[in-house]
Amino acid sequence: MQKKIAVINDIAGFGRCSISVSLPIISYLGIQCCPVPTSIFSNHTGYPHFFFDDYTDRMPEYIDNWKWLGLFFDGIATGFLGSAKQIQIVEEFIHEFAGEGTQIIIDPVMGDNGRLYSTYNEEMCREMKKLISRADIITPNLTECCRLTNTAYRESGWKKKELYCMAEELSAQGPEKVVITGIKQGEFIANYVYERTGKNQETVKEPRWIRTHRVGTERSGTGDVFAAVIAADAVNGVAFDKSVRKASGFVRKCILKSIELDIPRTDGVCFEEILYQLKRD
């Protein structure tokens, strides 16, 4: 049977982010993508005006109908969650729909550049710490990693030992695989890959740096592109370090293509133009 991933995130009609990114990428990689919307946006919040509909109160009834259908998912992936209640709903969703072989991929979308997003508060941070304990894979950026480990943030100058300690602390809470993304290293952007293996996940593989040359400027949705590739590859059984290399390389290609086509930064990356390259990697 075809594999299925439930993606719990918001839907933005314009701007290439969230489920609007995850659905085509996961589908192209041969997996049925089943969205659970947390909210509906006409376009993402990087634009001066947008329509917004909070879906929190509708989520339980939506999910109850999936229970009635007796659905099972090979993967469950989460993105931005807008409230402590939504994080709790996701915890219940995992309890209900995850089986022995289900891959749980949590992207703890909490902040960037050393700051939490304006919608985040201390209660949500506590709930997110609980949620990542249910994950097999987490993909925090450097800001989120520091927040989840109570580590002081700085933009650069990170040593391997420091990153190892943070990744180890996060992994000890539950996830066997951790990738810390968006680490600035001069002309490079690095991802730090930590993975426990073995019958009881008792062995730590040699952590790896996976670096790509920095190109262009920051764009909306690149984290969603990265996380979608990681989620699909996890369900497809792709080795974790290979998947991180593939995802980071694809994001770079998307940025370059967007620069070539003069796509506005707010419009995200035009991954559609080069989606076919994902099956080459």
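Helix axes here are lines fitted to C-alpha atoms over the stretch in contact, and angles run from 0 to 180 degrees between N-to-C directions. The model on screen is predicted.

**Stop one: H1 and H7**

Select helix H1, residues 19–28, together with helix H7, residues 222–236. Their axes come within 9 Å and cross at roughly 35°. The crossing of H1 and H7 is right-handed. To see the contact itself, show side chains for Val21, Ser22, Ile25 and Ile26 on H1. Facing them from H7 are Asp224, Val225, Ala228, Val229 and Ala232. By type, the residues of this contact are seven nonpolar, one polar and one charged.

**Stop two: the cores**

In soluble globular proteins, nonpolar side chains tend to be buried together. Here the largest nonpolar core has 44 residues. Select Phe93, Ile106, Met128 and Ile180, the members with the most contacts inside this core. Then colour helix H3, residues 84–97, which supplies the largest share of the core, seven residues.

Centre the view on Met128. Not counting residues up to four places away in sequence, Met128 touches Leu81, Ile87, Ile106, Pro108, Met110, Tyr120 and Leu148.

A second core, separate from the one just shown, has 37 residues. Ile105, Phe240, Cys254 and Leu275 are among them, and selecting these four will locate it.

**Stop three: Phe80**

Go next to the loop between strand S4 (73–78) and H3, where Phe80 sits. Is Phe80 buried or partly exposed? Its relative accessible area is 22%, so Phe80 counts as partly exposed, the limit for buried being under 20%.

Display the surroundings of Phe80. Leaving aside neighbours within four places in sequence, Phe80 is in contact with Asn9, Asp10, Thr38, Val109, Tyr117, Thr119 and Tyr120. Now add Ile8 and draw a C-alpha to C-alpha distance to Phe80: the two are 8.3 Å apart in space and 72 residues apart in sequence.

**Stop four: His44**

Finish at His44, in the loop between strand S2 (32–41) and strand S3 (52–54). His44 counts as buried because its relative accessibility is 10%, and buried means under 20%.

Which backbone atom does the side chain of His44 reach? The partner is the backbone nitrogen of Gly46, at 2.9 Å. Then widen the selection around His44. With neighbours within four places in sequence left aside, the contacts of His44 are Ala12, Phe14, Gly15, Cys17, Phe50, Ser220 and Thr266.

Conventions
Residues are numbered from 1 along each chain as its sequence is written. This is a predicted model: local features need pLDDT of at least 70, side-chain atom pairs count only at pLDDT 80 or more; totals for chains, interfaces and linings use all residues. Side-chain values use heavy atoms; hydrogens and water are left out. A nonpolar core is a set of buried Ala, Val, Leu, Ile, Met, Phe, Trp, Tyr and Cys residues joined through side-chain atoms within 4.5 Å. Buried means under 20% relative accessible area, exposed over 50%, partly exposed in between (1.4 Å probe, protein chains only). Helices (H or I, at least four residues) and strands (E, at least two) are DSSP runs, numbered from the N terminus. Contact means heavy atoms within 4.5 Å. A crossing is left-handed if the near helix is turned anticlockwise from the far one by less than a right angle, and right-handed if clockwise. Ala, Val, Leu, Ile, Met, Phe, Trp, Tyr, Cys and Pro count as nonpolar, Asp, Glu, Lys and Arg as charged, and the others, Gly among them, as polar. A polar contact is a pair of N or O atoms within 3.5 Å; within protein, one must be able to donate a hydrogen and the other to accept it, and residues adjacent in sequence count only if both atoms are side-chain atoms.
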